[in-house]
Amino acid sequence: MIKYYLNNKDSFYSVRKSYTLRLGKKNGTVNISKENKMSHNEEEYHLDSSKLLPVHITSNVVYEQLANTGQIVFEVTDACNLQCTYCVYRELYTDYDKRINQYIDPVKAKMLIDFLVEKLQTPSNNSPHKKVTVGFYGGEPLLNMDFIMDIVSYTKQRETEYLTFKYMMTTNGVLLKKHLDFFVKYDFEIMVSLDGSKENNAYRLYHNGKSSFDTVYENMIYIRDNYPVFFSNNILFNTVIHSLNNRQEAFCFFQKEFNKTPLFSSVSDVSIRRGFEKEMNALTAPKQSVQDDELEAKMEKVMEFKYNKIEKLQRFIFLYSGNVFYDYNDLLLKKNKQLFISNGTCIPFSRKVFMTVNNKLLPCEKIGHQYSLGKVTDTGVEIDCESIAQKYNYYFDLLINKCRGCHINRQCPQCLFGINNLEKKPVCKNFFSKQTSSDYLHGNIEQLSQRPELYKRIIEEFTKI
């Protein structure tokens, strides 16, 4: 019997082939044959279900992340010149602060910059040279262009030989042409939200109900034709998949019009307001795709590691190989092999610090505002690392019994803040039963066995997820 093993550092998964190889020798010739195909009822996978124990974080861990954070993001304004149907700040959702068309306080924003720059210069920072990204988010950030220009100027003054800043922005693209020279000058990376063709983009509307597509499309054509290098290197597109589009149509549109491939995202299904469930279900189901093997082959070739099936496969290898390390410290230092609950949950501030227009501090712009971890007041930045650690540990303890019953608990992709009813009766959409886990393993192993070149490419060429 041939067995293949995937080591996830804590346990082994054994995947058995559905045949036995028989070797025979006759007249000096070795013959190999397959025999004894197993019944489909025979269990194919063995899962080591050793107990999962909660691993608590400490205040020192939180402080260390603050001292090494690589991104500061500001909610520049809660105002927006569009009212997109699926916007997470509209009536479909419940987990955001009231939107009253206000602008962020630049004085408090600079307090946060000073606070984090001070932390970046302490011994807790483990990078001799640090490049920090400053991001601008909304609402629509271009409605508060004065703030963006002010913060860029301020951070440039704070640069040193060891600390530099780069800039990015997420925008609907309506006002982008007006301020383009500034963004080119400071080499901004700009993420433009566009869902494809005019038909695909019909949920992205002005307040008067008219489509925003023509304005955004014309702005993109202008940038492409007049700033080709900037357009090629600095303009990215994000496409939300919903009932008016699908990946195939969006891919074809962006390839034809801009020779680009968008990033794909989904309509959020967290914290849906009661009574809007049917509307949400109708909104989130993608437009039916057509069976087109030639198009799928082209998408795979162009998108490579971002192609949906390969992206899932690389995550599978990433989580199960046992040979993936997040940094040099992870590689060289022996650590406790037990993981925090959910690999999809970041340690607080390990990736970014997000400041809302109401001066709340969060670890990410995708998290509900009720989960604030600190705030900026008139007198300074208030972050209690001990309180944050206790809050996370409370969530870990709350979820542990549910996670113990999940068959991918050590490879979980779920952010705990994306779990509905987190503080009451948590419902995880990524819970895996034994059968679901078996199907997941089987599907990925079959894909690898049919296309071994994918494994080789992912291992040799891919460096991060």
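These legends describe close-up views of a predicted model. Local features need pLDDT of at least 70, side-chain atom pairs count only at pLDDT 80 or more, and totals for chains, interfaces and linings use all residues. Residues are numbered from 1 along each chain as its sequence is written, and side-chain values use heavy atoms, with hydrogens and water left out.

**View 1. The two faces of helix α9 (residues 293-303).** Helices (H or I, at least four residues) and strands (E, at least two) are DSSP runs, numbered from the N terminus. Leu295, Met299, Glu300 and Met303 are the buried residues of α9. They cover an arc of only 140° around the axis, which puts them on the same side of α9. The arc is taken from the directions from the helix axis to the C-beta atoms. Asp293, Glu294 and Lys301 are exposed, on the face turned away from the buried side. Buried means under 20% relative accessible area and exposed over 50% (1.4 Å probe, protein chains only).

**View 2. The end of α9.** Glu304 follows just after the helix. Its phi is positive, about 50°.

**View 3. An open sheet of 10 strands.** The order is β11-β10-β9-β8-β7-β6-β12-β13-β14-β15, with mixed pairing. Two strands pair if DSSP finds at least two bridges between them. β11 (263-266) and β15 (380-382) stand at the edges, each with a single partner strand, so one side of each has no neighbour in the sheet.

**View 4. Strands β6 and β7.** β6 (residues 71-75) and β7 (residues 130-137) run parallel, joined by five bridges. Ile72 has Val134 of β7 as its bridge partner.
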